[in-house]
Structure formats: structure tokens, C-alpha cells
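Reader: I've got a model open and a handful of things I'd like to ask about it. Could you walk me through them one by one?

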Amino acid sequence: MPRIAYQPEDLTEPAALVDAIRARRGGQLLNLDRMLLHSPPLAAGWNGYLKAVRTELALDPRLRELAMCVVASLNGAHYEFHHHAPEFLRAGGTAQQVEALRQPEQALHQAGLFDDTARAALQLTIEMTRQVAVSDGAFDAIHTALGDRGTVELVAVIATYNMVSRFLVALGVEPEAKG
């Protein structure tokens, strides 16, 4: 149950903002959007920033979605996992990997399930989410695999989706009901 009622699904104001969010979402407002729209300035900034994180980075989409799923699992953000597991699959992940991402620390040790780069991304995501500080070993592994830009982008994705998960969990945002 959300802790604050969602804005209505048929919300039309502020028109430019609602239209921009609907355009990014394929015509609909998700429960997350309907919660954010209690604060139009927050919703506007969120929409622009998350659009960049989701669609404008050079980072491999599979690693981006892997990180999002791991953050969601570690933080108990079911809404986030519900939305990003299918994206991980579309980006080349497998159903077996999705199941493993529900318990990321164990997934690290499942031989052959993830390649070295994905395991490095898993380790980085776990460390950033659990303790914020990142060990030299985790940083060096991902930096070797991704270089400067890829490392910066992955760190930003992990930080961003920690923000998203905390917003979702604190406000009790639920996955959309199946229509």
C-alpha cells in the first residue's frame, strides 16, 4: 500500500511535464511517476535525469540493468526489480541470471553464471549499496574491464538506482496492477 495516495492515472497538469513523462513512458504514467508528480519540480528533474541514465549512456545495457536489479534486491525494492528484470532479459541476460540476482552475494559465487565483467559489476554494486565505500579490488576489477567512462557511468547508475530504491521503499510504491 502506498504511504501517500498516487496522483490520478488521468492526470493532465502540469501539461508539459505530464506529456513529457508520458512520452518517455510510451503514453502511460507509472505509479512511480504518479508519486513523483506530487512535486512537479522533483518529477521534472527526475524525468530528465533518469532519461539520460536509461537511454544516453555508453554503458552496456546488460550491465546497467544488472546493477539496477542488484540494487533492487539488496534494498528490498520490489517495484524496481519488477520493472528492471525484464529489461535485463531484453539486454541479453538469462532467466537463470535474473533468479540469481535476487540473492546477489550468492550469485557472485555461482561458477559460470556470469562473466568476469558482470561479476565485477556485481561486486561493485554490492559494495556501493551495502557499505558505500568500495574496496580497491572491486574498483580495480571494474575499471580494468570498463575503463574510465564505463566505470563512471556504472558508478552513477548504481548511485542513481540506490536513490530510486530508497524513494520507492520509503513511500511504499507498488508495481502497477495488471490491466
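Reader: Where does S165 sit?
Author: This is a predicted model, where local features need pLDDT of at least 70, side-chain atom pairs count only at pLDDT 80 or more, and totals for chains, interfaces and linings use all residues. Residues are numbered from 1 along each chain as its sequence is written, and side-chain values use heavy atoms, with hydrogens and water left out. Helices are DSSP runs (H or I, at least four residues), numbered from the N terminus. On that numbering, S165 belongs to helix 9.

Reader: Is S165 buried or exposed?
Author: The cut-offs go by relative accessible area with a 1.4 Å probe and protein chains only: buried is under 20%, exposed is over 50%, and partly exposed is in between. S165 has 0% relative accessibility, so it counts as buried.

Reader: Which backbone atom does the side chain of S165 reach?
Author: A polar contact here is a pair of N or O atoms within 3.5 Å; within protein, one must be able to donate a hydrogen and the other to accept it, and residues adjacent in sequence count only if both atoms are side-chain atoms. As for plain contacts (heavy atoms within 4.5 Å), S165 touches V71, N75, A77 and E80, leaving out residues up to four places away in sequence. Its polar partner, at 3.0 Å, is the backbone oxygen of N162.

Reader: Where is the kink in helix 9 centred?
Author: Helix 9 covers residues 136-171, 36 residues, yet its end C-alpha atoms are only 35 Å apart, short of the 52 Å of a straight helix. That expected span is 1.5 Å times one less than the number of residues. The bend at a residue is the angle between axes fitted to the seven residues ending there and the seven starting there. The kink is about 120 degrees, and its centre is G147.

Reader: What phi does G172 take, just after helix 9?
Author: G172 follows directly on the end of helix 9. Its phi is positive, at about 70 degrees.

Reader: How are the rings of W46 and F167 arranged?
Author: Rings of Phe, Tyr and Trp (its six-membered ring) pair if their centres lie within 6.5 Å; planes under 30 degrees apart count as stacked, over 60 as edge-to-face and the rest as tilted. The count by this rule is one aromatic pair. For W46 and F167 the centres are 5.1 Å apart and the planes are at 55 degrees, so the pair is tilted.

Reader: How far apart in sequence are the parts that this pair ties together?
Author: Both W46 and F167 are buried. W46 lies in helix 3 (residues 40-55) and F167 in helix 9, so the parts tied together are separated in sequence by 121 residues.

Reader: On to charges: how many salt bridges are there?
Author: The rule asks for a side-chain nitrogen of Lys or Arg within 4 Å of a carboxyl oxygen of Asp or Glu. One of them joins R64 and E65 (3.1 Å, N to O), and both of these residues are buried. The count comes to twelve.

Reader: Which helices hold R130 and E105?
Author: The side chains of R130 and E105 meet in a salt bridge at 3.1 Å, N to O. This pair links distant parts of the chain, 25 residues apart: R130 is in helix 8 (residues 116-130) and E105 in helix 7 (residues 104-107).

Reader: And E153, which pairs with R149: is E153 buried or exposed?
Author: Their salt bridge is 2.7 Å, N to O, and both residues lie in helix 9, four residues apart, about one turn. R149 counts as exposed because its relative accessibility is 53%. E153, with a relative accessible area of 8%, is buried.

Reader: Which residues do salt bridges that share partners join into one network?
Author: Here shared partners link several side chains into one network. Its members are R54, R64, E65, E87 and R90.

Reader: What is odd about the phi of V132?
Author: Most residues other than glycine have a negative phi, and most peptide bonds are trans. V132 is in the loop between helix 8 and helix 9, and it is exposed, with a relative accessible area of 66%. Although V132 is not a glycine, its phi is positive, at about 70 degrees.

Reader: Last one: what is the omega of the peptide bond from E13 to P14?
Author: P14 is in the segment before helix 1 (15-24). The bond from E13 to P14 is cis, with omega near -5 degrees.

Methods: Helices (H or I, at least four residues) and strands (E, at least two) are DSSP runs, numbered from the N terminus.
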